[in-house]
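Me: Please take a close look at one part of this model, the salt bridges. I would like the pairs, their distances and their surroundings.

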Amino acid sequence: QGKRCANQSVGGQAPVRSPPADHRLGSRAAGAAMSEEIDRHVLRKYEIVQKLGRGAYGIVWKAIDKKTREVCALKKCFDAFQNATDAQRTFREIMILQELNGHENIVRLTNV
C-alpha cells in the first residue's frame with residue numbers, strides 16, 4: 001500500500017512524459033490530454049510506476065521516491081486554484097489530511 005507523497009497542482013513548469021496535446025483537438029480533449037502529464041520537477045524526485053486512477057478532481061499515480069525508495073502515491077489536482085471554490089476544496093483536503101496525520105486508516109500527507 002502506498003502513501004501519498006505529493007499533491008501537485010496543474011501549472012508551473014512545462015510538463016513532460018506524454019506527447020503534447022494536438023491543437024486540432026477540441027479544447028476539452030486537449031485539456032484532458034495535458035492534465036495527465038507530469039511536471040519535470042516531480043519526475044526529478046519520483047519514479048512513476050503506473051497510473052492508479054483518475055477522477056473529476058485529479059489523477060493519482062503510483063510512484064517511488066528516488067531518495068528514500070519508498071512507494072507512494074502522487075495526486076495531481078486539476079485546476080486546483082482556477083477559482084475560489086476549487087481552491088477552497090483543495091485547501092480543505094490538505095488541511096484534513098494534515099489533521100488526521102498518523103491515523104492507521106488514512107494516507108499520510110508528506111509533501112504539498
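Reply: The salt bridges come first, then the cysteines and the confidence.

This is a predicted model, where local features need pLDDT of at least 70, side-chain atom pairs count only at pLDDT 80 or more, and totals for chains, interfaces and linings use all residues. Residues are numbered from 1 along each chain as its sequence is written, and side-chain values use heavy atoms, with hydrogens and water left out.

Side chains of opposite charge can pair when their charged atoms come close. Here a salt bridge is a side-chain nitrogen of Lys or Arg within 4 Å of a carboxyl oxygen of Asp or Glu. The whole structure holds six salt bridges.

Start with Glu36. A salt bridge joins its side chain to that of Lys51, at 3.2 Å from N to O. Glu36 sits in the loop between helix H1 (27–35) and strand S3 (38–39), and Lys51 in strand S4 (residues 46–54), so the pair ties together parts 15 residues apart in sequence. Helices (H or I, at least four residues) and strands (E, at least two) are DSSP runs, numbered from the N terminus.

Glu36 also forms a salt bridge with Arg54, with the closest N and O atoms 2.8 Å apart. Arg54 lies in strand S4 and Glu36 in the loop between H1 and S3, so this pair ties together parts 18 residues apart in sequence. Glu36, Lys51 and Arg54 are thus linked in a network of salt bridges.

Lys51 is partly exposed at 39% relative accessibility. Arg54 is partly exposed too, at 41%. Buried means under 20% relative accessible area, exposed over 50%, and partly exposed in between (1.4 Å probe, protein chains only).

Now Glu70. Its side chain meets that of Arg108 in a salt bridge, 3.2 Å from N to O. Glu70 lies in the loop between strand S5 (58–65) and strand S6 (71–77), and Arg108 in the segment after helix H3 (84–99), so the pair ties together parts 38 residues apart in sequence. Glu70 is partly exposed at 26%, and Arg108 is partly exposed at 32%.

Next, the cysteines. Cys72 is buried at 1% relative accessibility, and Cys77 is buried at 3%. The count of disulfides (pairs of cysteine sulfur atoms within 2.5 Å) is zero.

Last, confidence. The mean pLDDT (the predictor's confidence in each residue, from 0 to 100) is 76 for the protein, and 69% of the residues score at least 70. Strand S4 has the highest mean, 96, and strand S2 (residues 15–16) the lowest, 34. Over residues 7–34, pLDDT stays under 50. Where pLDDT is low, the predicted coordinates should not be read in detail.

Note on methods. Contact means heavy atoms within 4.5 Å.
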